[in-house]
Amino acid sequence: WNKFDLGVGTWYKKEPFYIPGIIPALMMGLTKPPISDVNFRRAILHSIDYQKIRNEAVYGYTPELKPGIILPFGSEARYYSETDAAAVGKLYDPQKARNILKKAGYRWGADSMLIGPNGNRIRQLYATCPAGWTDWETTLKIAVAGMRAIGIDVREKFVEYSQWDMDLKNGLFDFTMKTPHPEQSYSLPWARFDKVMSSKDWRPVGEVMYQNEGRYKSKTADSLLSLIPALTDSLELKKAYSAINRLFQKDVPVIPLMYRPWLFYQFSTKVWQNFPQEQNPYAPPQCLMVGSGVEALWGITTRN
């Protein structure tokens, strides 16, 4: 925005400037305690300062995060339910996180770290992402700080991409970051649910999986994922999406962290003008030589 006076433009003229389209998330290894305990995962959900992620990790290039994994705007908004989101309550609520843990039988030791319902101190956990991915690194640091504030002994660890990729696919992680279904397609939001909740290609930890790397399993989720693509009635489709999003909110298989732009579309009017924008959306906000973005090549004109 400091360059707007120099002729730089974005799709929107104010925050979030870019169109959000993907949801980077905190993936969790669901097969081992304490993460296998859904109460532990729910507590983590309420321990993370999402507003801080919004401001510090992505500089405000994202709207406020809402519960669930359906985008509450754009083409997905028709499937989003404010009523279902309200049932989750405020996302960042450390006291609620502590209450969830206490009710589930956890307590805190003299060092303020968690002791599990079995009386043992929970093991040290690690949160990873590829080294050098600065927005993810900052996001992860904020998530780790929130978890440590409620007594979870977790540390961030930034690793080489090849190591992160191998550990992710083999399920060899406690927490890590990934963007479920980063592509834009008409299959959304179904494809995003499929990437984190489908057990159709389920493999044990140590064997490669290309989706649902946290190893979530639910017959209800699998049934809904099979049902949704065959539905043609809009009301039935909305009911099915509401059902699977409520299941997602209840079981917390992953934790969405932000709505990130699919592409950081921006342009300079130093030589050309009439680029697609919110007020003149004759082409999508993407590279002018990719897909339907090419249409803008017939719309831009040279400056006089």
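Where is the place of methionine 113? The close-ups below start there and then move on through this predicted model.

**View A. Methionine 113 sits in a loop between two strands.** The strands on either side of this loop are strand 4 (107-108) and strand 5 (114-115). Is methionine 113 buried or exposed? With a relative accessibility of 9%, methionine 113 counts as buried, because buried means under 20% relative accessible area. Setting aside residues up to four places away in sequence, methionine 113 touches Arg107, Trp108, Arg121, Arg148, Gly151, Ile152 and Asp153. For a sense of scale, glutamate 137 is 24 residues away along the chain, and its C-alpha atom is separated from that of methionine 113 by 23 Å.

**View B. Isoleucine 152 belongs to the largest nonpolar core.** Met113 comes back here as one of the contacts of isoleucine 152. Leaving out neighbours within four places in sequence, the other contacts are Phe40, Ile44, Leu114, Ile122, Leu125 and Met147. The core has 69 residues, and those that touch the most other members are Phe40, Ile152, Phe175, Met197 and Ile255. Another core lies apart from this one; it has eight residues, including Phe267, Phe275, Ala296 and Ile300.

**View C. Five strands form an open sheet with mixed pairing.** Reading across the sheet, the strand order is 7-6-8-3-9. Which are the edge strands? They are strand 7 and strand 9 (254-256), each of which pairs on one side only. From one strand to the next, the twist averages 25 degrees.

**View D. Strand 6 and strand 8 run parallel.** Two bridges join this pair. If you would like a spot to zoom in on, try threonine 128, which stands opposite threonine 176 in strand 8. Helix 1 (residues 38-45) packs on the sheet, where it touches strand 3 (25-28), strand 6, strand 8 and strand 9. The direction of helix 1 makes about 10 degrees with that of strand 9.

**View E. Helix 6 (residues 161-170) has buried residues of several kinds.** Which residues of helix 6 are buried? They are Trp164, Asp165, Asp167, Leu168 and Asn170. These buried residues pack against strand 6 (125-130), strand 7 (154-159) and strand 8 (175-178), and also against helix 5 (134-149). Just after helix 6 comes glycine 171, with a positive phi near 75 degrees.

Key. Residues numbered from 1 in each chain as written. Predicted model: local features only at pLDDT ≥ 70, side-chain atom pairs only at ≥ 80, totals over all residues. Heavy atoms only, no water. Buried < 20%, exposed > 50% of the residue type's maximum accessible area, 1.4 Å probe, protein only. Helix = DSSP H or I, 4+ residues; strand = E, 2+ residues; numbered from the N terminus. Contact = heavy atoms within 4.5 Å. Pairing = 2+ DSSP bridges. Axes fitted to C-alpha atoms, helices over the stretch in contact; angles between N-to-C directions. Core = buried A, V, L, I, M, F, W, Y, C linked by side-chain atoms within 4.5 Å.
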